[in-house]
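Hi,

Here is the structure I promised to pass on. Have a look at it first, and then read my notes below.

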Amino acid sequence: MPTPRLHGYSGLLRLIWPFVLVVALLALLSMGSINVLSAMRAYVAGESLWSKGQKDAIQALGIYLDTRDPAAYARYREAMSVPEGDRIARLTLDTAKPDFAAAERGLLAGGNSPADIPGMIWLFRTFRNISYMDRAISVWALGDQHLAQLDTVARSVRSAAEQGTLDAAAIRRARSELDRINNALTPIERKFSNTLGEASQAIRNVLYYSNFGAALVLILLAVWRTRRHMAERDRLEGALQASEERLQLAVSGSHYGVWDWDIPANLVYLSPQYRALFGFPGQHDQLDFDAVFARVHPEDQATVRAAMASHFADNSVYETEFRLRTADDCYRWYHAHGQASRDGTGIPQRMAGTFEDVTERKRMEAALQAEQERALVTLASIGDAVLTTDTQGSISYMNPAAEVLLGVRHATGLRFSTTCHLIDEARNEQEFDPVGQVLAGESADTEGRNLWLIRKDGSETAVRLVAAPMHDEAGHIAGAALAFHDMTRERQFVAHLSWQASHDELTGLVNRREFEQRLGRLLAERPQRVIHHALLFLDLDQFKLVNDTSGHASGDELLRQVCSTLQRHLRVDDTLARLGGDEFGVILQGCRLEPATRIAETLREAIETLHFAWGGQPFNISVSIGLVALDDTPYTLEDSMRAADVACYMAKEKGRNRVQHYQPGDAEITVRYGEMEWVQRIHRALEEHRFCLYAQDIVALAEPDHRHVELLLRLINDDGSVVPPSAFIPAAERYNLMPLLDRWVVRTALASMRQQPETLICSINLSGASIGDDAFLEFVCTQLQDSGVEASHVCFEITETTAIANLNRATLFIHALKARGCRFSLDDFGAGMSSFAYLKHLPVDYLKIDGAFVKGMVNDASDRAMVEAINHIGHVMGKRTIAEFVENEAILTTTREIGIDYAQGYALCRPQPFSLPDAAATPLHTERGKDAVS
Ligand SMILES: Nc1nc2c(ncn2[C@@H]2O[C@H](COP(=O)(O)OP(=O)(O)OP(=O)(O)O)[C@@H](O)[C@H]2O)c(=O)[nH]1
């Protein structure tokens with residue numbers, strides 16, 4: 001990589017530059033020294049030549065003195081040219097602006113080697129004024145005057161010779177002069193030479209010390225640099241090691257693994273813990289890349305390759321997730337990052353990065369996704385509309401129900417407020433903005449709020465809205481969630497309920513409750529204004545017949561037809577209601593008695609002429625109507641209704657299909673009125689548990705130990721007084737309450753018998769209505785079984801007239817219960833016209849002789865004869881006889897005389913309480929079966 005290389009050169013340069021500098025300086029010094037020494041040597045050589053020239057010149061001049069040989073003089077001149085050249089050169093170089101060519105020529109003339117001349121000039125110029133050089137040149141300059149004297153001697157000798165004036169004295173003087181000059185020059189030469197020697201020595205010393213110093217500097221520098229370098233290396237190695245340790249710690253302490261792929265070699269490094277996880281041996285060896293890649297899940301290999309290819313192609317971020325097979329052969333998820341490095345041509349050479357074990361995160365993501373899918377599927381499948389918005393109030397999600405409810409599709413991104421309007425029912429129809437409210441942080445509508453949703457097309461729907469904020473991880477509001485419940489059905493249901501509360505479902509007429517409310521309102525108006533109204537109570541005649549013959553559906557249809565027939569003949573202001581079953585009520589508002597009677601008659605006729613047929617079978621339909629004029633008589637609501645009911649009952653009694661006007665003074669009506677009052681009292685007494693049983697002994701005249709009682713029903717008044725059955729039984733019979741009372745009696749009697757300490761036979765009276773009822777027979781059997789009372793201790797009493805009136809059913813009833821062990825007693829026997837004729841059909845155990853005969857038999861022979869006959873025939877037929885109403889001793893005596901088996905009456909025993917009021921009875925309302933009289 002270029003950057004690190006540059007970094008390496010500069011580092012190297014930084015490292016060695018002091019050495020280079022010192023060596024360069026040393027080299028320069030050496031070069032300088034060599035040059036100086038070389039120049040010095042040249043000067044030494046020059047000095048030698050100079051000395052030789054001077055000596056040769058003196059010698060040649062001496063010869064010339066001897067020989068006057070011009071050749072010797074020429075040799076003199078030649079010898080003198082050497083010191084002369086040197087002198088010229090020195091003088092030239094000593095000027096401020098020397099003529100180097102002249103100096104060079106001079107030095108050449110001085111016999112110096114041309115190669116040395118530049119060095120000699122440089123030395124002269126450089127060191128001219130420096131100690132040794134200065135001294136040497138000064139010494140050299142001293143020779144000039146001697147040489148000049150020599151030349152003067154030579155010239156004068158030459159001239160004298162040429163003129164022939166050179167005599168011996170002149171020669172002697174010349175020789176003496178030459179000796180003097182020679183003697184004067186010799187020390188100068190020595191001194192010059194010594195000075196140069198000293199200079200060489202000095203330079204050598206300088207070189208020696210400078211080289212030594214440089215070597216020392218180099219060594220110190222090397223030591224210093226090396227120490228610094230080593231310290232730096234130690235520091236870097238320490239830092240690297242610390243960094244590596246940190247990395248290793250970080251890597252081993254995290255889920256991260258490190259990978260480093262040498263692409264050309266196809267080898268990969270994996271951090272140790274992952275090597276172990278994948279089951280690769282060793283700690284630091286590089287692994288075959290393909291062997292590692294083979295551990296990538298086959299389904300993920302293409303993804304990984306594609307991510308690498310993309311990274312190699314455009315250097316995009318390499319980041320991918322894949323599964324890797326671990327040593328224990330299970331796959332774990334990893335998230336990998338990486339970066340490739342390339343060569344100069346851009347070809348990836350190496351790729352390194354990290355990978356992180358994200359299995360847990362993936363598992364959580366999968367769980368979250370599953371959860372989200374579940375939530376989405378749930379949201380998609382629920383009927384309520386759910387939508388969410390972002391913080392700007394734009395819709396981010398809607399379930400299908402929301403799309404349907406709001407009437408918009410693909411509304412994601414739209415502002416919620418543009419999709420519909422919400423009107424608050426409770427707040428004066430104000431527009432309501434749940435999203436704004438939630439986003440503003442106002443309290444959420446978690447309870448729900450009733451609103452009208454108005455769609456863009458103007459249609460509206462009643463909804464209940466729950467709005468709540470959604471929060472992000474930091475707890476800030478991240479949006480709003482709205483859940484709408486379409487209230488249409490609820491509203492319809494509520495409307496229907498409220499309609500149902502006041503209407504009859506079958507006919508659509510108002511029901512009894514609503515009818516009574518309307519009637520109550522009319523009656524309440526009376527003190528202020530006397531307006532005449534009329535109340536009609538209609539009860540279809542023999543309606544049961546239609547039900548029984550053609551089924552309930554036919555009865556229903558008839559009721560509907562009756563309803564529409566009646567409605568046709570009534571005014572809008574009038575109220576027609578179905579009061580229950582086949583009973584209807586009419587309020588004729590502002591209608592006096594006469595027109596009311598006419599209208600009632602019209603209604604009766606309309607029903608009479610109603611041609612109702614079911615399944616091809618025609619029915620004669622008629623109605624009985626009770627009419628009450630609501631004038632100034634101060635009737636209460638209850639009075640009015642009861643009066644109409646009673647009048648209707650009278651109409652029935654008088655042969656049905658008629659209108660009966662209620663007149664308060666009418667005796668017959670007064671009786672009925674009383675009976676109807678009893679109906680209420682009986683119901684109340686049952687509800688308030690105010691019935692109880694008394695027991696009167698039926699004494700076995702021949703077997704005093706045998707105990708037999710008759711259970712008698714009593715009603716306890718509010719004031720605690722006891723009411724005998726004669727007071728309420730007629731009403732109960734007339735209004736079909738007997739089955740209800742009989743059930744109470746049977747249940748209470750059996751419960752009380754179970755609690756009796758002694759064994760006794762109990763006679764229980766049953767009404768004709770109960771005997772004719774299959775359900776009652778079933779009830780008795782269940783009660784017998786549940787009570788655990790011995791059936792042979794139970795004796796049912798039915799009156800002879802009841803039995804005969806419904807002989808077949810009575811016979812079946814008696815047989816069924818006798819088969820279970822019960823006994824039967826035929827009450828009031830003898831009262832019927834043909835009692836004996838029926839007796840053989842009735843498998844009873846006891847004959848209870850009608851009390852009227854018993855009471856009269858003491859004084860009336862026919863009564864006695866009747867009693868005797870019954871007793872006799874009873875015995876003949878294997879039945880036991882009972883005399884009731886044995887009120888005194890005379891009757892008792894006669895009873896004994898006749899041979900009657902049992903006697904019952906005040907002479908023997910008065911009725912005694914047998915059960916506490918309703919002590920053992922289950923609350924009756926749970927037992928009110930279909931026989932309950934409403
Ligand atoms: N189909 C049908 N029958 C009903 C409905 N409600 C009550 N009933 C029957 O209506 C009959 C009412 O009979 P009653 O009024 O007691 O007797 P009836 O046969 O009309 O005889 P009278 O009233 O004495 O002339 C009973 O059999 C009830 O079961 C109803 O909604 N639909």
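Before the details, one cut-off for what follows: a residue is called buried when its relative accessible area is under 20%, exposed when it is over 50%, and partly exposed in between. Also keep in mind that this is a predicted model.

With that cut-off, Glu 403 is buried, because its relative accessible area is 18%. Its salt-bridge partner is Arg 409, with N and O 3.6 Å apart. Arg 409 sits on the other side of the scale: it counts as exposed, at 59% relative accessibility. Elsewhere, Glu 321, Arg 361, Lys 362 and Glu 365 are joined into one network by salt bridges that share partners.

The count of salt bridges comes to 51. Two others caught my eye, each within a helix:

- Arg 158 and Glu 162 pair up with their closest N and O atoms 2.8 Å apart. Both are in helix H5 (residues 131-163), 4 residues from each other, about one turn of the helix. Glu 162 is exposed at 54%, while Arg 158 is partly exposed at 24%.
- Glu 371 and Arg 374 meet at 2.7 Å, N to O. Helix H10 (residues 359-381) holds both, 3 residues apart, again about one turn. Glu 371 is partly exposed, with a relative accessible area of 42%.

Now the ligand, which is probably what you will open first. Which residues are closest to it? Of the 16 that surround the ligand, those are Lys 544, Asn 547, Asp 556, Arg 578 and Asp 582. By type, the shell splits into 8 charged, 5 polar and 3 nonpolar residues. Strand S14 (533-540), helix H15 (543-550) and helix H16 (552-568) each contribute at least two residues to the shell, and H16 gives the most, with 4.

Here are some distances to ligand oxygen atoms that you may want to check:

- Lys 544: a backbone N or O atom at 2.7 Å.
- Arg 656: a side-chain N or O atom at 2.8 Å.
- Asp 539: a polar side-chain atom at 3.4 Å.

On its own the ligand has 650 Å² of accessible area, and the protein covers 71% of that.

Next, some backbone angles. Most residues other than glycine have a negative phi. Arg 68 has a positive one, near 50°. Arg 68 belongs to the loop between H1 and helix H2 (70-93), and is partly exposed at 32% relative accessible area. Asp 828 is another non-glycine residue with a positive phi, about 55°. Asp 828, though, is placed in strand S27 (residues 823-829). At 26% relative accessibility, Asp 828 counts as partly exposed.

Last, the surface. Trp 17, Leu 21, Leu 25, Leu 28 and Met 31 make a nonpolar patch of about 560 Å². One of these, Leu 21, is found in helix H1 (residues 2-67). How accessible is Leu 21, and what does it count as? Leu 21 has a relative accessible area of 45%, so it falls in the partly exposed class.

That is what I have for now. Shout if anything looks odd on your side.

Cheers

How values were computed: Residues numbered from 1 in each chain as written. Predicted model: local features only at pLDDT ≥ 70, side-chain atom pairs only at ≥ 80, totals over all residues. Heavy atoms only, no water. Patch = residues over 30% accessible without salt bridge, like charges linked within 9 Å, V, L, I, M, F, W, Y side chains within 5 Å. Areas by Shrake-Rupley, 256 points an atom, 1.4 Å probe, with all protein chains shown as cover. Salt bridge = Lys/Arg side-chain N within 4 Å of Asp/Glu carboxyl O. Buried < 20%, exposed > 50% of the residue type's maximum accessible area, 1.4 Å probe, protein only. Near = heavy atom within 4 Å. Polar contact = N/O pair within 3.5 Å; in protein donor to acceptor, adjacent residues only side chain to side chain. Nonpolar A, V, L, I, M, F, W, Y, C, P; charged D, E, K, R; others polar.
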